[in-house]
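Q: I would like a close look at one part of this model. Please keep the answer connected and brisk.

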Amino acid sequence: MGIFDSIKSVLGTRAEADAASAADPEALFGMSTAYVTMEAELGYESAGAAALCFSEVDSTAFADAVDEVEAILRAGEIETGTEFRRRSDDHGYHWVILEDDDPEDLVTSVHFAADEFVEQGFGSRLLAAAFGFQKIDGEAAESGGSSGDRGASASRASTDRAYWIYSFRRGAYYPFCPTGDHDRNTRAEFKLRSVLDGELEIEDDESRWYPLWPDTTGGHPWE
């Protein structure tokens with residue numbers, strides 16, 4: 001997957017050396033109020049999807065932990081209707097992808113999954129959680145950043161999208177607004193930071209706002 005050109009180094013190997021704290025799933029609950037602010041003040045609604053990224057360990061104990069996570073999410077499908085599926089890539093990284101129209105259910109499910117990894121002693125394998133948003137009116141976000149006016153019509157679908165990425169190893173969120181093919185709307189990202197700063201623990205070092213590129217223009221980072 002194209003996104004792992006970046007995630008492999010910055011959320012995996014390199015991030016392990018730069019880790020600021022142990023994984024803390026409780027920080028994910030900050031997204032419960034952030035959803036409200038994103039809609040009321042920025043015109044974004046939940047995209048109905050979120051994902052948890054983790055790295056694998058070749059051990060029976062870790063396989064059992066993954067089974068426990070899936071059991072929890074399977075129960076969630078029955079109780080809340082939150083659907084889940086898993087994907088893996090050639091680098092050995094894995095996604096748990098969650099879909100639900102209720103953003104509260106998404107936050108809860110991502111937290112349950114992450115918390116189970118921690119409880120089972122594998123919190124260090126957690127890399128990132130990603131929460132998707134889209135413009136309510138369907139209009140492209142304000143242009144800006146590195147994309148400029150290039151390929152405006154082709155990239156319109158992706159400029160409608162924004163993501164909050166939580167890095168477990170940094171213990172902080174950062175905004176990611178892809179636009180077009182491997183461009184990002186930095187103006188929109190700074191706007192998200194200015195509005196959500198204080199409500200979310202946001203990464204101060206902008207050099208660590210790592211892009212998670214999808215394979216195809218307009219796709220989610222986990223696709």
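Is Arg193 buried, partly exposed or exposed, and what is its relative accessible area? Please take in the salt bridges and the sheet as well.

A: This is a predicted model. Arg193 is partly exposed, with a relative accessible area of 23%. Its salt-bridge partner is Glu206, and the closest N and O atoms of the pair are 2.7 Å apart. Arg193 belongs to helix α6, while Glu206 sits in the segment after α6, so the salt bridge ties together parts that are 13 residues apart in sequence. Glu206 also counts as partly exposed, at 38% relative accessibility.

Another salt bridge joins Glu189 and Arg184, at 3.0 Å from N to O. Here both Glu189 and Arg184 are buried.

Now the helix itself. Helix α6 spans residues 186-196 and lies across β1, β5 and β6. Its direction is at about 60° to β5.

The sheet beneath this description has six strands. It is open, with the order β2-β3-β1-β4-β5-β6 and antiparallel pairing. Strands β2 (83-88) and β6 (172-176) form the edges, each pairing on one side only. On average, neighbouring strands are turned by 20° against each other, direction ignored. Strands β1 (residues 44-55) and β4 (residues 126-135) pair over eight bridges. Within that pairing, Tyr44 stands opposite Lys135 in β4.

Strand β5 holds Arg161. Arg161 is buried yet has no salt bridge. Its nearest side chain of opposite charge is Glu223, 5.2 Å away. A salt bridge needs the nitrogen and the carboxyl oxygen within 4 Å. Among the residues that Arg161 touches are Tyr44, Phe133, Gln134 and His220. Its contacts also include Cys177, Pro178, Gly218 and Gly219.

A second helix concerns the β2 side of the sheet order. Helix α3 (residues 60-80) lies across β1, β2 and β3. It runs at about 150° to β2.

Strands β2 and β3 are also linked through side chains. Glu99 forms a salt bridge with Arg85, with the closest N and O atoms 3.6 Å apart. Glu99 is in strand β3 and Arg85 in strand β2, 14 residues apart. Glu99 is partly exposed, with a relative accessible area of 33%. Arg85 is likewise partly exposed, at 35% relative accessibility.

The count for the model comes to seven salt bridges. Some share partners: Glu70, Arg74 and Arg86 are joined into one network.

Note on methods. Residues are numbered from 1 along each chain as its sequence is written. This is a predicted model: local features need pLDDT of at least 70, side-chain atom pairs count only at pLDDT 80 or more; totals for chains, interfaces and linings use all residues. Side-chain values use heavy atoms; hydrogens and water are left out. Two strands pair if DSSP finds at least two bridges between them. Helices (H or I, at least four residues) and strands (E, at least two) are DSSP runs, numbered from the N terminus. Axes are lines fitted to C-alpha atoms, for helices over the stretch in contact, and angles run from 0 to 180 degrees between N-to-C directions. Contact means heavy atoms within 4.5 Å. Buried means under 20% relative accessible area, exposed over 50%, partly exposed in between (1.4 Å probe, protein chains only). Lys and Arg count as positive and Asp and Glu as negative; His and the chain ends are not counted. Lists of a residue's contacts leave out its neighbours within four places in sequence.
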